Each structure stands twice: as C-alpha cells, then as structure tokens.
Amino acid sequence: MDINILRHSASHIMADAVKQLFPDVKLGIGPAVENGFYYDFERKTPFVPEDLKEIEKKMHEIVKADLPFKKEQMPKEKALELFNKMGEQYKAELIKDIPDKEVSIYTQGKFTDLCRGPHVSSTGEVKVFKLLSIAGAYWRGIDTNPMLQRIYGTAFETKKELDDYLKLLEEAQKRDHRKIGKELEYFSMHDEIGAGLILYHPKGGLLRTIIEDWEKREHLKRGYQIVIGPHISKSDIWVHSGHYENYRDLMYIFEIEGQEYTVKPMNCPGHILIYQSKTRSYKDLPLRFFELGSVYRYEKSGVLHGLLRVRGFTQDDAHIFCLEEQVVDEITAVIDFVSYAMKTFGFNEFMVEISTRPPKSIGSDQMWKRAQDALTAALDKKGLKYQICEGEGAFYGPKIDIKLKDAIGRFWQCATIQCDFALPERFNLTYVGQDGKEYRPVMLHRVILGSMERFIGALLEHYAGALPLWLNPVQVAVIPITDKEKAYAEEVKKRLSENDIRIELYGQNETLNYKIRQAQSEKIPYMLIVGAKEASDKTVSVRARSGKTEGQIKLDDFIDRALKEIQRHG
RNA sequence: GCCCAUGUGGCUCAGUCGGUAGAGCACGUCCUUGGUAAGGACGGGGUCACCGGUUCAACCCCGGUCAUGGGCUCCA
C-alpha cells in the first residue's frame, strides 16, 4: 500500500475527530507529508497538548467503527453550495480555484471533505498512528493570510514502523547540536549579545580552527588565493551590486558622520573589487579568490535555529572568475572538492539539486539559460543525478545545492555552487582576450562546507558529539591513578604535546572511576591510564571511547598509532 | 515577522490556591590515594529573564519587552 494514501486517510480521520470534538472549527487542508500528515483548522482558541490525546481517542473510535470512505463526483457549483452550507469558507475558496468542472468529495460516517483522493477503503485500515505536535501555519502558506492551527501526526502500516520512527525522533533529539554544544561546551548564545550570534567556547574555537586550517590548506592546494575583506563598508557597494535593493531589510545599517554604512552581508563585492583592481588578461583566468568571510544578516527572529540559522556566520566563500569555456571544468572541480570534503569529514552520501530562475531576479533570459546549461553540463559530466527546484535560484543566477546525508539519514544543506553572469555585467567586469579586445568573465560563487556554524552543527549531530580523532578538540585524556603518578603523567603529556596531540591531564583528586566517567562523557577518543606499573615501564594503558580497553602498550607505540589515525582523518 | 508554548542557582529540574525558594550534578575546603563510567563529609552560590501594573504583600495574577523551543513564511 502507498503510505501516503494511508496517511492522507489518517488526516481525514483526524479532521473528523476534531470536528466531532470541536464543532466550531473550520477546515483548511490536510495532506500527507514526508513523515506523516497534517490538517489545518481555523479555531478561536488554539489547541493544547491535552487536546491531542482526546483527538487520538476519538480517532481510535472512528477507526474501530470501520467506516467506508465513499467517493462522490459532483459539479463545482453543487460542491460550492454544499461547503458553503457547511460554513467551510476555506474549502469553498479551494473549489473556486479548481479548474475542472467537476470535483470529488470523500465521506466517512458524517464527515465530508473536498478531496482529490485516493483513500483507503475504510477507516479500519488506519490502525497505527500518532499525533505529534501543534503549530501555527498560514492559510495556503501565504504570510498575509490568516494563521490556522495545524496538527501534525504520522501513520504507519505496522506498530514496529511507528516505534522505529519515534525512536528516530528520540535519537535526533539526543543528537541535537544545541544540546551537545552546551553539554560539551562548544558554544553558547546570550540575551545580552543577541539572538543568532554565537560565542565559541575554547572547544568550539579549537574545532573551528581545525576546520579552518584544513580549508586554507585545501584551497591553496587547488589554486585558490586567500583574500580578506573588512566587516563593514559604505552602503554604496551594495547599491551597486543590487543587494541593497533586494535585501536592505535584512542588512545591519548604521550611520557615521552622515555617511551610511552596512555590516557585510556577503563577500562577493569585495572579491569583485579585487578582480577589478587591475586589467585582467585571459591568461590570468581562472582566478579563484577564497575568503573565510564573516557576514551578518538580520534574519527574522522566528527563523533562528541553533547554529543552523544564525545572524552572524562565517562562510568558506570563494568566487571564481573565468572564461565561459572554463565554466564547466571549474564547476566540475568544485564538485570534486565537495566530494573530497565530505569524505574527509565522514559523510558518505549526498543529494544534488539545481535551482532555477526566481521571480525576483536580474539578468537576461539568455544569460540564465547559459548559466543553467553550464551547471547541468558539469553534473552530467560527473554522472550525478539531480532534482530541479523551479524558481529557487539566487536573484543573480541558478545554483547547485549539495545536501549531505548524516548518520541517521537526515540531509544537511552545506555546499552550493552558483553560476553568475549577472554581477560581472553589473560591475562591468572585463578581461582582455587574445585579440586584444575586452570580454566579460563569468563568475562562480561557491561554498564547500557552507558556513562554519551550520557545518559544526551538522558535524556534532552526525557524530552525536563523538568527533573523530582528528577533529576532536581534546584527543587524549591522561588519567593518573593517584597523585604519585603525577610526574609521569606530566611526562606523557609533554611527549604527546610535542607530537601535536591535543591532550587534557585529569589531575584532580578524584577516583579513577570518576575521572574515566568524566573523560567518557566528554567523548574524548582515548584515555591513557597511568599508574605505578605504567610509570616504571614507560607505558600507558589505553581505553578507547568505545569502552574497549587494552593492556599496557609503549607510549611511543601509542603516539605512532594516534598520529597515523589523525593522518587518515579517522 | 506570524501562531502556540516556555524562561527558577553554572547545568538538569522540583516548588509556592499570592506571604521574598529547594534537589541532584557542577564548584570550594577537608578526609580518602583508589586500576577502567559517580568514595565520603562540610560549605559557598539564586533581587525566580527584564520592565511596568494590580495587591498590605508578586517568582506566582495582568500587560509589555527580550530570549528559547515547535511550526508557518523567509534564507543573497
């Protein structure tokens, strides 16, 4: 059976139950969605969590009654009359927008709904379901429309599938980067600093440094040049670029001595100015400018979410200026870079999307077509499958988005590649061709990890906080059993530090068990336990984060092993 | 920005039909020197997010603000 049909039927049963319990509600829509279903209702007083239990109870009654879903086809006018009579103004509005002459309605028991169908044959088939949450949602998703009350639920064919799904939700909650970030002291946010602004604690700062160092090395290897721009600028540059017109409301703007300034919301114009700082020849291209660029955007308060949606963030941003005939190769190289990055950071699967021209955009149709053709050509060359998202592109060009699949199957938007024929036009960028004439370069915008913030959030959730050795801010905990081994513990610390292994010495006056527990809950990859035996033999006893222990091994052997593991990014 | 919920020591949370608060963990001191996930005792720490109102009296009731969470809309 198609799970979506089951869920759609479950949503009708829920609406039926809600109507029975709260006759004054008006129906919105109730489709099946990715992991379940929802139904929107207009109601003066919002639903409360206790209502969900009552609604579920009523739903079980409806299921038990095993009422058949009856389909009826009728002319639009008749349906309109029917739903108007029922006082369902939202349904009436939907009917008016249906282009066909006839519409179908479904009825189970006393509940009738406008619906394309299909449905299961009777309510008795919907045995396994659960209501999950209450939320507000705009009628038809338009923010000037009234806000309806939405109830989310899910349904499955078997109890086991439902239990597995609930377990997955629980697991996701355990991995929540906000929880882990706090527990493991990676970062924090503060009322006094402001919403969406991140304070990195020592461990978060170190993790970011490790990632940023990796980025710089890898970019230099691939022919990028590192550039750095200021965090504020006069507004003029954004007027020139067109961002001012499109995104003024989302920019931090302030005034100094009558001159308007903005906090940088993007890195591209800076890179463009660097490009323009001298006459460029076709021989210079491609030029690849890379910047770990911190940008600030005044995102609406309601969209902020942990590290995933913030107001201040640092992109691993680069702009590639190239000849049109180099575009496909450049995009291909970026895709290779992304694959390498993903593998390095431990993500094994990904999904690709192409987004096309949005309603609000600049540039000619011809430019958009050429840009999009270049993107698809590169993906085809790599043999990658992709989905097309109509109208989801940036205002200056189409883009490729790459989403990483994490350890529990969720997707994270990180890398994007955007093809831009528009900004070079707007800034009148040129290069001198072989014939001595001026030509327009193509500009590619791209990020590999996206933003440090979001990527760190993704990493923490992917690994549930247990970062691999090369990324973990603390790689080794040295745990002396008693104070008598302190001198040897210091020696071990020194030897590891000399080899650039990041260690923490657990020297407190506590029991061995206690210290192991601490190191374990901090998710430190290796614990080296040193007692009298180890001190006299110059060895360490190794306990891995997994709980696996091994007897004494030579300190040098451990260092060797650890360095190798770090090298292969384990 | 919109709808709903939440905001109590560093953390997790309890509590008061309105009479200025409590636990565990963490922290400090002392005792304990212990072989692979919590040794013991004592102690310090909160103007109950902020501002205003009602009241003899507000952490608790009302209004506003800020922040967080679940969604919607949005994401150059």
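**Strands, cores and cysteines**

Student: Which residue in E14 is the bridge partner of Ile253?

Tutor: The model under discussion is predicted. Strand E13 spans residues 253-256 and pairs with E14 in the antiparallel sense over four bridges. Within E14, the bridge partner of Ile253 is Thr262.

Student: Which residue in the turn of the hairpin formed by E13 and E14 has a positive phi?

Tutor: The hairpin leaves two residues between E13 and E14. A positive phi of about 50° occurs in this turn, and the residue that has it is Glu257.

Student: Which residue of E14 stands opposite Lys234?

Tutor: E14 (residues 259-263) is also joined to strand E12 (residues 232-234), and the two run antiparallel with three bridges. Opposite Lys234 in E14 stands Tyr261.

Student: Which strands stand at the edges of the open sheet with the order E4-E5-E6?

Tutor: This sheet has three strands with antiparallel pairing. A strand with a single partner has one side left without a neighbour in the sheet, and therefore stands at an edge. The strands in that position are E4 (70-75) and E6 (111-114).

Student: Which residue of E6 is the bridge partner of Tyr106?

Tutor: Strand E5 (residues 102-108) runs antiparallel to E6, with four bridges between them. The bridge partner of Tyr106 in E6 is Asp113.

Student: At what angle to E4 does helix H3 run?

Tutor: Helix H1 (residues 3-21) lies across E5 and E6, at about 125° to E6. Helix H3 (residues 76-86) also packs on the sheet, where it touches E4, E5 and E6. The direction of H3 makes with that of E4 an angle of about 115°.

Student: Which helix gives the largest share of the largest nonpolar core?

Tutor: That core has 60 residues, and Ile331, Phe345 and Leu471 are among those with the most contacts inside it. Beyond its neighbours within four places in sequence, Leu471 is in contact with residues including Leu207, Ile211 and Phe345. The largest share of the core, nine residues, comes from residues 327-345, which form helix H11.

Student: Is Cys268 buried or exposed?

Tutor: The structure holds zero disulfides. Cys268 is in none, and the nearest cysteine sulfur, that of Cys419, is 14 Å away. Residues under 20% relative accessible area count as buried. Because its relative accessibility is 0%, Cys268 is buried.

How values were computed
Residues numbered from 1 in each chain as written. Chains lettered and ligands numbered in written order. Predicted model: local features only at pLDDT ≥ 70, side-chain atom pairs only at ≥ 80, totals over all residues. Heavy atoms only, no water. Core = buried A, V, L, I, M, F, W, Y, C linked by side-chain atoms within 4.5 Å. Buried < 20%, exposed > 50% of the residue type's maximum accessible area, 1.4 Å probe, protein only. Contact = heavy atoms within 4.5 Å. Pairing = 2+ DSSP bridges. Disulfide = S-S within 2.5 Å. Axes fitted to C-alpha atoms, helices over the stretch in contact; angles between N-to-C directions.
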